[in-house]
Amino acid sequence: MAAKNSEQNCAAIIVAGGKGTRMGGPKQCLDLCGKPLLLHSVETFRANKRIKHLVVVSDAKTFKQLDKEFQRLGVRRANGGETRLQSVRNGLRALPECVDLVAVHDGARPLVSDAAINECLDAAARHGAAVPAAPVKDTLKESDGRFVAKTPDRKFYWAAQTPQCYRFSVLTESLAKFPKEKDSTDESSLVEKAGHKVALVKSDYSNIKITTPEDLLLAQALMAKTKGTGRNAELRIGIGYDIHRMVPGRPLFLGGLQIPHSKGMLGHSDGDALLHAVCDAMLGAVSAGEIGIYFPPTDLTIMGISSRVIAEKTLEVLRSKNAELVQLDSVIVGESPKLMTHYAAIRKSLAEIFGLDESNVSVKAKSHEGMGELGRGEALSCHVIVMVRKK
Ligand code: MG
């Protein structure tokens with residue numbers, strides 16, 4: 001089921017056309033941890049592996065202000081309507097017709113997580129419609145305008161959030177059924193009115209909506225905790241070095257990639273000196289020793305393992321230290337093979353292994369001018385510097 005769901009053609013509409021009455025002005029471009037508020041959720045949706053089409057519904061001023069970012073992220077644009085429902089209708093029109101599932105998200109919810117998007121998409125694939133919601137924490141009072149009319153039982157009440165996810169046909173048919181409807185604060189209410197079952201997906205209290213100035217302060221604090229963007233986030237650097245003998249008849253691995261060559265690096269593992277140096281640099285950045293501690297050369301059970309296993313273990317150590325890799329730069333020193341034509345592939349491989357954007361991975365190679373063991377092609381060495389963010 002999960003594999004089938006992930007193959008479905010998914011789209012997202014991020015609605016950001018609000019006038020921000022309670023905020024004292026439009027909030028789309030307010031600064032939140034060094035980034036316009038709207039961009040946080042747009043980037044989260046763009047990074048989601050299942051969302052193929054992304055539409056932002058907003059106003060001309062916002063599009064102008066975020067033009068460069070939206071171009072970089074390949075975002076489709078649609079104009080905001082008079083009401084939220086009209087904006088959603090405009091967003092739907094900007095999507096191709098082959099979409100199976102659509103997520104509608106509120107641009108004022110910058111803390112939405114990738115996991116929440118996937119859970120709601122899965123629930124919508126199963127049930128037709130799904131809404132993330134958190135159980136109400138306060139006791140509710142129904143008012144007659146002046147006095148308490150009733151105290152409803154809180155356990156039946158949930159506060160709805162976004163992304164609300166639907167089978168494309170369920171959403172479009174429900175909206176078409178009520179063409180004049182304007183006042184609903186979400187599309188789910190129309191889907192319900194059209195007779196569809198809407199699944200509730202238990203969500204996180206941190207997926208807040210920025211409505212009033214104090215929400216922004218709360219979002220800053222939450223973001224500092226979850227994304228390490230606050231004042232407490234600490235940038236650290238680490239250095240790594242490795243050298244291996246080059247011997248005939250072994251495959252040559254560099255950065256997880258096999259490079260065609262008559263020699264390869266001798267080693268207890270696959271001999272990938274570049275991966276070893278990256279891992280040592282990462283461990284160095286969080287003062288967690290070096291790879292020999294986790295993979296001692298005396299341990300015969302790990303003979304010949306892929307250095308990707310070492311990389312996975314190192315990423316695990318980093319996570320346990322509440323840290324993440326931000327950037328890496330490397331120099332490979334040796335006489336042969338010439339590596340310039342392999343730079344792009346090695347960068348791509350390193351980016352994949354360490355979960356980085358390729359723009360944050362650098363690979364360079366230097367000859368050793370014919371001097372010494374490196375110059376005679378008897379060895380290859382690697383130097384790496386990394387930057388790590390510790391929350
Ligand atoms: Mg090594």
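Just after helix α6, Gly128 takes a positive phi of about 100 degrees. The structure is a predicted model, and the protein holds 14 helices and 19 strands. Buried residues account for 47% of its 391 residues. The C-alpha trace spans about 90 × 40 × 40 Å along the principal axes.

**Domain arrangement and distances**

- The chain is divided into domain 1, covering residues 5-226, and domain 2, covering residues 234-390.
- Taken over C-alpha atoms, the centres of domain 1 and domain 2 are separated by 42 Å.
- Gly81 lies in the loop between β5 (76-79) and α5, and it counts as partly exposed because its relative accessibility is 23%.
- From Gly81 to Ile332 the C-alpha separation is 55 Å, with the two positions 251 residues apart in chain numbering.
- Ala176 belongs to helix α7 (residues 168-177), and its relative accessible area of 55% makes this alanine exposed.
- Ala176 and Ile237 are 61 residues apart in sequence, and their C-alpha atoms are 56 Å apart in space.

**Helix α6**

- Helix α6 comprises 14 residues, 114-127, and reaches 20 Å from its first C-alpha to its last.
- That span is close to the 20 Å expected at 1.5 Å a residue.
- The buried residues of α6 are Ala116, Ile117, Asn118, Cys120, Leu121, Ala123, Ala124 and Ala125.

**Magnesium site**

- The magnesium ion is coordinated by Asp242 through OD, by His244 through NE2 and by His276 through ND1, at 2.0 to 2.3 Å.
- Along the chain, the donors of the magnesium ion follow the spacing D-x1-H-x31-H.
- Among these residues, Asp242 and His244 are both buried.

**Salt bridges**

- The protein has a count of 16 salt bridges.
- Side chains of opposite charge can pair when their charged atoms come close.
- Lys35 forms a salt bridge with Glu43, in which the closest N and O atoms are 2.6 Å apart.
- Lys35 is partly exposed, because its relative accessible area is 26%.
- Glu43 also meets Arg72 in a salt bridge, at 3.3 Å from N to O.
- Glu43 lies in helix α2 (residues 37-47) and Arg72 in helix α4 (residues 67-73), so this pair ties together parts that are 29 residues apart in sequence.
- Arg72 is exposed, as its relative accessible area is 55%.
- A salt bridge also joins the side chains of Arg84 and Asp106, at 3.8 Å from N to O.
- This pair links distant parts of the chain, with Arg84 in helix α5 (residues 84-93) and Asp106 in strand β6 (residues 101-106), 22 residues apart.
- Arg84 and Asp106 are both buried.
- A network of salt bridges links Arg84, Asp106, Glu187 and Lys209.

**Nonpolar surface patch**

- Ile237, Ile239 and Ile385 form a nonpolar patch on the surface, with a combined accessible area of about 340 Å².
- Within this patch, Ile385 is placed in strand β19 (residues 379-390).
- Ile385 counts as partly exposed because its relative accessibility is 48%, which falls between the 20% and 50% limits.

**Backbone geometry**

- Most residues other than glycine have a negative phi, and most peptide bonds are trans.
- Thr162 and Pro163 are joined by a cis peptide bond with omega of about 10 degrees.
- Pro163 is in the loop between β10 (158-160) and β11 (164-167).
- The peptide bond from Ser336 to Pro337 is also cis, with omega near 0 degrees.
- Pro337 is located in the loop between β17 (323-333) and α13 (343-354).
- Ser287, a residue other than glycine, has a positive phi near 50 degrees.
- The loop between α10 (273-285) and α11 (291-294) contains Ser287, which is exposed at 57% relative accessible area.
- Glu369 is not a glycine, yet its phi is positive at about 55 degrees.
- Glu369 sits in the loop between β18 (361-366) and α14 (372-375), and with a relative accessible area of 66% this glutamate is exposed.

Key. Residues are numbered from 1 along each chain as its sequence is written. This is a predicted model: local features need pLDDT of at least 70, side-chain atom pairs count only at pLDDT 80 or more; totals for chains, interfaces and linings use all residues. Side-chain values use heavy atoms; hydrogens and water are left out. Helices (H or I, at least four residues) and strands (E, at least two) are DSSP runs, numbered from the N terminus. The expected span of a helix is 1.5 Å times one less than its number of residues. Buried means under 20% relative accessible area, exposed over 50%, partly exposed in between (1.4 Å probe, protein chains only). Domain bounds come from an automatic or database domain assignment. Donors are N, O and S atoms within 2.8 Å of the metal (3.2 Å for Na, K and Ca); water is not among the atoms, so sites may look incomplete. Patches are made of residues with over 30% relative accessible area and no salt bridge: like charges are joined within 9 Å, nonpolar side chains (Val, Leu, Ile, Met, Phe, Trp, Tyr) within 5 Å. Accessible areas come from the Shrake-Rupley method with a 1.4 Å probe; for residues, only the protein chains shown count as cover. A salt bridge is a side-chain nitrogen of Lys or Arg within 4 Å of a carboxyl oxygen of Asp or Glu.
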